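Biologist: Please take a close look at the aromatic side chains in this model. Then set that part in its wider surroundings.

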Amino acid sequence: MFNIVSAWGAQTNLHYNPDTANSGGGYWQYAGGIVADIGGQLCTVEVDDTSCGDFGSRYYVDVIADGYHWRFSDGTMDDASIDAPAEIDAVLASISGVLGVDAEALISAALNAANICAWEVCYAD
C-alpha cells in the first residue's frame, strides 16, 4: 500500500489539438509524476507519455527510491524504444520486491495523476 504525497503534470506537446489527435500530430502527451509514501519511505515515480494516437502508445517510467533507480519504456508502438515484455516484467518484479508494493499499481497511479494534473494545467483558464 502507498499514499500519494504530491502529484504534478504538464502537457508536453505544444501542438496538441483534439481534432488531429488520432493521426495528425496533435497528440495528447504529458509528463509528470508522484511522490508516494510507502511505509515511511518516499518514492518518486516520473512518467513521460509520448503516445501518438492511432500509431500507438508509448510512455517512459522512472521509479526512484533511497539507493534505487529503475527505468523502462512500455506501450504498443512498434519501435526500438519500447522495452521487451520480459525486461519490463523483471523491472516491475524488482520494484515490487524491493519496495514491497504492487509496482503496476504504483505506476498506474503516477500515469493517472500526471494526466489529471496536465489536463488541469492545460484547461486552467
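Modeller: The aromatic rings come next, followed by some other sites and the fold as a whole.

This is a predicted model, in which local features need pLDDT of at least 70, side-chain atom pairs count only at pLDDT 80 or more, and totals for chains, interfaces and linings use all residues. Residues are numbered from 1 along each chain as its sequence is written, and side-chain values use heavy atoms, with hydrogens and water left out.

Start with how ring pairs are described. Two values do it: the distance of the centres and the angle of the planes. Rings of Phe, Tyr and Trp (its six-membered ring) pair if their centres lie within 6.5 Å; planes under 30 degrees apart count as stacked, over 60 as edge-to-face and the rest as tilted. Searching the whole structure on those terms turns up five aromatic pairs.

One of the five is tyrosine 16 with tryptophan 119. Their centres are 5.9 Å apart, and the planes meet at 90°. That makes the pair edge-to-face. Its two members come from distant parts of the chain, 103 residues apart. Tyrosine 16 sits in the loop between strand E1 (3-11) and strand E2 (30-38). Tryptophan 119 belongs to helix H2 (residues 103-122). Helices (H or I, at least four residues) and strands (E, at least two) are DSSP runs, numbered from the N terminus.

How well covered are these residues? Buried means under 20% relative accessible area, exposed over 50%, and partly exposed in between (1.4 Å probe, protein chains only). Tyrosine 16 has 18%, so it is buried. Tryptophan 119 has 30%, so it counts as partly exposed.

Tryptophan 119 has a second partner, tryptophan 28. Here the rings are stacked, with centres 3.9 Å apart and 15° between the planes. Tryptophan 28 also lies in the loop between E1 and E2, so its pairing with tryptophan 119 in helix H2 ties together parts that are 91 residues apart in sequence. Tryptophan 28 is buried, at 16% relative accessibility. Put together, Tyr16, Trp28, Tyr30 and Trp119 make one aromatic cluster.

Now step outward from tryptophan 28. Serine 51 is in contact with Trp28, and also with Tyr27, Gln29, Gly56, Ser57 and Arg58, leaving aside its neighbours within four places in sequence. Contact means heavy atoms within 4.5 Å. Serine 51 lies in the loop between strand E3 (41-49) and strand E4 (58-65). At 13% relative accessibility, serine 51 is buried. Its side chain also reaches the backbone nitrogen of arginine 58, at 3.1 Å.

Next along helix H2 is glutamate 120. Glutamate 120 is exposed, at 55% relative accessibility. Glycine 25 is 95 residues from glutamate 120 in sequence, and their C-alpha atoms are 21 Å apart.

Strand E2 holds alanine 36. Alanine 36 is buried, with 0% relative accessibility. Neighbours within four places aside, its contacts include Phe2, Asn3, Val5, Cys43 and Leu106. Asparagine 3 is 33 residues away along the chain, yet the two C-alpha atoms are separated by 5.4 Å.

Charged side chains add one salt bridge to the structure. A salt bridge is a side-chain nitrogen of Lys or Arg within 4 Å of a carboxyl oxygen of Asp or Glu. The partners are arginine 71 and aspartate 62, at 2.9 Å from N to O. Arginine 71 is exposed, at 60%, whereas aspartate 62 is buried, at 7%.

Last, the fold as a whole. The protein has two helices and five strands, in the order β-β-β-β-β-α-α along the sequence. Its radius of gyration is 15 Å, close to the 14 Å that the globule rule gives for 125 residues, so the protein is as compact as a globular protein of that length. That radius is taken over C-alpha atoms, and the rule is 2.2 Å times the number of residues to the power 0.38. The C-alpha atoms fill a box of roughly 45 × 35 × 20 Å along the principal axes. Of the 125 residues, 41% count as buried. Among contacts with a separation of 6 or more, 46% join residues 24 or more positions apart.

Key
A polar contact is a pair of N or O atoms within 3.5 Å; within protein, one must be able to donate a hydrogen and the other to accept it, and residues adjacent in sequence count only if both atoms are side-chain atoms.
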